[in-house]
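Visitor: I should like to go through this model in order, beginning with a single contact and working outwards. Please show the sequence and the structure.

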Amino acid sequence: MTYAAEQNETTWPESLPVRVKNPRGPAAEWSPSLDEPGYGDLLAAIRAWDPVDWDQVYDDLSRVLNEEISHHAAGPRGRGRRGPAAPGHNEAAELARRFRGALMQLVNRGLRDNADKHPAVAELIDEALTLRTEELPGDEQQALILLRKLGRTTLELAEHLEQADIVKGLVEC
């Protein structure tokens with residue numbers, strides 16, 4: 001017999017309590033998921049968060065990938081016009097930071113909307129999570145290789161999420 005059925009068969013006194021205590025055991029007491037310093041860290045992270053500037057990401061993609069990126073992602077380009085030279089080592093850390101932020105926003109959006117059910121998207125999400133943790137090498141050529149991997153993965157993930165109708169034009173990410 002269920003607890004609710006038992007309660008219906010019970011003779012009740014004139015005044016009923018607001019809530020009948022379940023005799024099968026006490027409810028688990030609530031405790032906060034974070035302690036006070038944890039909430040402080042979370043609040044600091046929220047305050048420091050910068051939204052992704054997709055126009056800047058497009059410029060960075062154009063710069064790092066040169067002519068490799070698709071025309072719709074980088075915007076219109078003149079015929080025969082080449083993008084600026086590849087970034088030097090001084091700019092590599094900032095470019096990597098922007099690509100990582102864009103990647104994580106795309107990954108979170110894809111996971112939230114269950115895009116990882118598509119095999120190609122799931123593979124790109126795994127690749128993005130792996131690339132995000134890679135340290136930027138001190139060697140300029142190796143740093144450029146990592147930036148190009150980050151850029152290609154950002155672009156491909158954005159395109160696949162758009163094809164899956166999860167994002168529209170990246171601006172809404």
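Visitor: Which residues does Val52 touch, not counting residues up to four places away in sequence?
Guide: This is a predicted model, in which local features need pLDDT of at least 70 and side-chain atom pairs count only at pLDDT 80 or more, while totals for chains, interfaces and linings use all residues. Residues are numbered from 1 along each chain as its sequence is written, and side-chain values use heavy atoms, with hydrogens and water left out. A contact here means heavy atoms within 4.5 Å. Leaving aside residues up to four places away in sequence, Val52 touches Val57, Gly101, Ala102 and Gln105.

Visitor: How far apart in space are Val52 and Gln105, C-alpha to C-alpha?
Guide: Val52 belongs to the loop between α2 (36-48) and α3; helices (H or I, at least four residues) and strands (E, at least two) are DSSP runs numbered from the N terminus. Along the sequence, Val52 and Gln105 are 53 residues apart. In space, C-alpha to C-alpha, their separation is 7.9 Å.

Visitor: What pattern does the protein follow along the sequence?
Guide: The protein has 7 helices and 0 strands. Read along the sequence, the pattern is therefore written with helix symbols alone, since strands would be E runs. It reads α-α-α-α-α-α-α.

Visitor: What share of contacts between residues at least 6 apart in sequence joins residues at least 24 apart?
Guide: One pair separated along the sequence is Leu95 and Asp60, which are 35 residues apart there and 6.8 Å apart in space, C-alpha to C-alpha. For contacts in the protein between residues at least 6 apart in sequence, the share that joins residues at least 24 apart is 65%.

Visitor: Is Leu95 buried or exposed?
Guide: Leu95 lies in helix α5. Buried means under 20% relative accessible area, exposed over 50%, and partly exposed in between (1.4 Å probe, protein chains only). Because its relative accessibility is 2%, Leu95 counts as buried.

Visitor: Which elements give two or more residues to the largest nonpolar core?
Guide: In soluble globular proteins, nonpolar side chains tend to be buried together. A nonpolar core is a set of buried Ala, Val, Leu, Ile, Met, Phe, Trp, Tyr and Cys residues joined through side-chain atoms within 4.5 Å. The largest one has 32 residues, and those with the most contacts inside it are Leu61, Val64, Phe99, Leu147, Leu150, Leu157 and Leu161. The elements that give it two or more residues are α3 (54-65), α5 (89-112), α6 (119-133) and α7 (140-163).

Visitor: How much space lies in the largest pocket?
Guide: On a 1 Å grid over the protein atoms alone, a pocket is an open set of points where a 1.4 Å probe fits, with protein on both sides within 12 Å along at least five of seven lines. Grid points are joined across faces, edges and corners, and a volume is the space filled by probe spheres set on the points. For the largest pocket, this space is about 370 Å³.

Visitor: Which element supplies the largest share of the lining of the largest pocket?
Guide: Lining residues have an atom within 4 Å of a point; of the 17 that line the largest pocket, the closest to its centre are Trp49, Asp50, Pro51, Val52 and Gly101. Both α3 and α5 give two or more residues to this lining. The largest share, 8 residues, comes from α5.

Visitor: Where does Asn114 lie?
Guide: Most residues other than glycine have a negative phi, and most peptide bonds are trans. Phi of Asn114, however, is near 60°, a positive value, and at 47% relative accessibility Asn114 is partly exposed. Its place is the loop between α5 and α6.
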